[in-house]
Amino acid sequence: MLRARSPGILAAAAWALAAAHALAAQPDSSLTREVPVPAVVRPADWETLSTGLPEEARLRSILGFRYNRVDGPAPTAGAAFQTGRSPAPVLFAQGTYAYSRKRPLYEAGFTVPFGDRPELSIGAVVYRRTATEDDWIATPGENTLFALFARTDYRDYYEAQGGRVHAAWSPGSDFELQGGARIETERTLSTRTRISLTGRHPVFRPNPSIHDGDDQAFTLGVRVGPAELPLRGGVHGEAQYERSGDPLQGDFEYGRARGAIRYQARLAPTRSLRARLVAGSTLTGALPVQKLWYVGGIGTLRGHDFKSSAGDQFFVANAELYQRARKNLYVFSFLDCGAAWFGSDNLSRQQPGLDAGLGVRIAGGPAAVTIAKNLRDGDSKPRVGVRLGDTF
């Protein structure tokens, strides 16, 4: 979280608002598709099954760009065949070049939908990519802007190379059950770049080392509620269980579960409420370093230092009350509570962090400025934070 004495990032954020519209924010969900729906380039010249692809498949381009402290500038290009009835590409391939570490990355796969709706789909993907466990803290687009303009990277990374198979059953838009298995090799990455427009520090913070090895795991996930909450409000819940090790042969042995519930309600034409609860627990074994959860700072406890606590257990609860002050300008108050710790039996020993604050947001995005205070530490200073995407 950025302190009040960091004027450089506030100026950079204002300068970057136009760029924020161009970088798509990905939803905070472990069940989202692995490749975003790309923009249409041109329709295919055929609409038959003669090529083995579903009817009405269209060729679409995949174009992207990210910037972080391990890859540096990393443009992405590829193509996908997509149908209007399925949110996942029928067939796709994309390549990324990480300039700072001179490393080509790739991802390719397919999804086969069954039925007219369709309710069932199966697929597979192979990849070598820069992976992170911090998607729920900051989105790729937002993090790219901070890295480019403020020399601040809110995510930690490792390289993952391998493959994954998956199957999903979705009998309705408000329910999805997904299962899969992955086999991948995970390697430590180091900070390779320092270039940024401005920043409080002269260099990026180091990227932490991980436990290198082969991770072989089964996954099971469920979503209840719409994939994205409508403006009128609603409830969305998801949960995922991940089991690494026996009966698969890998270097890690653990079983962990993570869940999230989001709630949104329109209390009046000019007032709304949003809330979120995210929690995770390691049920068996020991998590490798790269799988630990962190709490503190942006996206979690806005009155605390960034990633001030870590553990194999965690929870974060956030609530925000919005009031429209004028057209396209909202003021809001918020309350954050959360903790991360080790040991599933140690919850009763925790004293969760508790923060409160005020903020100003431009419409539903793309930017907000907040000021937060740690309520459990009377001597703590208020912290000013900037978001270039949605808060949660």
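**Exercise 1. Determine how D336 and R302 are connected, and whether the two residues are buried or exposed.**

Step 1. D336 and R302 form a salt bridge, with 2.7 Å between their closest N and O atoms. The term salt bridge denotes a side-chain nitrogen of Lys or Arg within 4 Å of a carboxyl oxygen of Asp or Glu.

Step 2. The contact links distant parts of the chain: D336 belongs to strand β15 (residues 329-341), R302 to the loop between β12 and β13 (309-311), and 34 residues separate them. Helices (H or I, at least four residues) and strands (E, at least two) are DSSP runs, numbered from the N terminus.

Step 3. Both D336 and R302 are buried. Buried stands for under 20% relative accessible area, exposed for over 50%, and partly exposed for values in between (1.4 Å probe, protein chains only).

The structure is a predicted model, in which local features need pLDDT of at least 70 and side-chain atom pairs count only at pLDDT 80 or more, while totals for chains, interfaces and linings use all residues. Residues are numbered from 1 along each chain as its sequence is written, and side-chain values use heavy atoms, with hydrogens and water left out.

**Exercise 2. State how many salt bridges the model holds, and describe the contacts of D71 and E133.**

Step 1. The count is 27 salt bridges. Side chains of opposite charge can pair when their charged atoms come close.

Step 2. D71 pairs with R66 at 3.0 Å, N to O. D71 is buried, at 0% relative accessible area, whereas R66 is partly exposed, at 23%.

Step 3. E133 pairs with K291 at 3.2 Å, N to O. This pair also links distant parts of the chain: E133 lies in the loop between β5 (120-131) and α3 (140-150), K291 in the loop between β11 (271-285) and β12 (293-295), 158 residues apart. E133 is partly exposed, with 23% relative accessible area, and K291 is buried, with 3%.

Step 4. E133 and K291 also belong to a network of salt bridges that includes R182, E184, E186, D215, E242 and R256.

**Exercise 3. Establish how strands β6, β7 and β8 are paired.**

Step 1. Two strands pair if DSSP finds at least two bridges between them. Strands β6 (residues 158-172) and β7 (residues 175-188) run antiparallel and are joined by 13 bridges.

Step 2. A hairpin of 2 residues connects β6 to β7. V165 has A181 in β7 as its bridge partner.

Step 3. β7 is also antiparallel to β8, over 12 bridges. Here T185 stands opposite D214 of β8.

Step 4. β8 (residues 213-224) also contains V222, a partly exposed residue at 25% relative accessible area. The C-alpha atoms of V222 and G259 are 9.4 Å apart, with these positions 37 residues apart along the chain.

**Exercise 4. Contrast the cover of α3 with the nonpolar patch on the surface.**

Step 1. α3 is mostly covered, as 9 of its 11 residues are buried. Among them are L145, F146 and F149. Just after α3, R151 adopts a positive phi of about 50°.

Step 2. The nonpolar patch has about 930 Å² of accessible area together, and its members include L91, W169, Y241 and L283. Accessible areas come from the Shrake-Rupley method with a 1.4 Å probe; for residues, only the protein chains shown count as cover. Patches consist of residues with over 30% relative accessible area and no salt bridge, like charges being joined within 9 Å and nonpolar side chains (Val, Leu, Ile, Met, Phe, Trp, Tyr) within 5 Å.

Step 3. β4 (103-114) and β5 each give two or more residues to the patch, and β4 gives the most, with 3. F114 lies in β4 and is partly exposed, at 40% relative accessibility.
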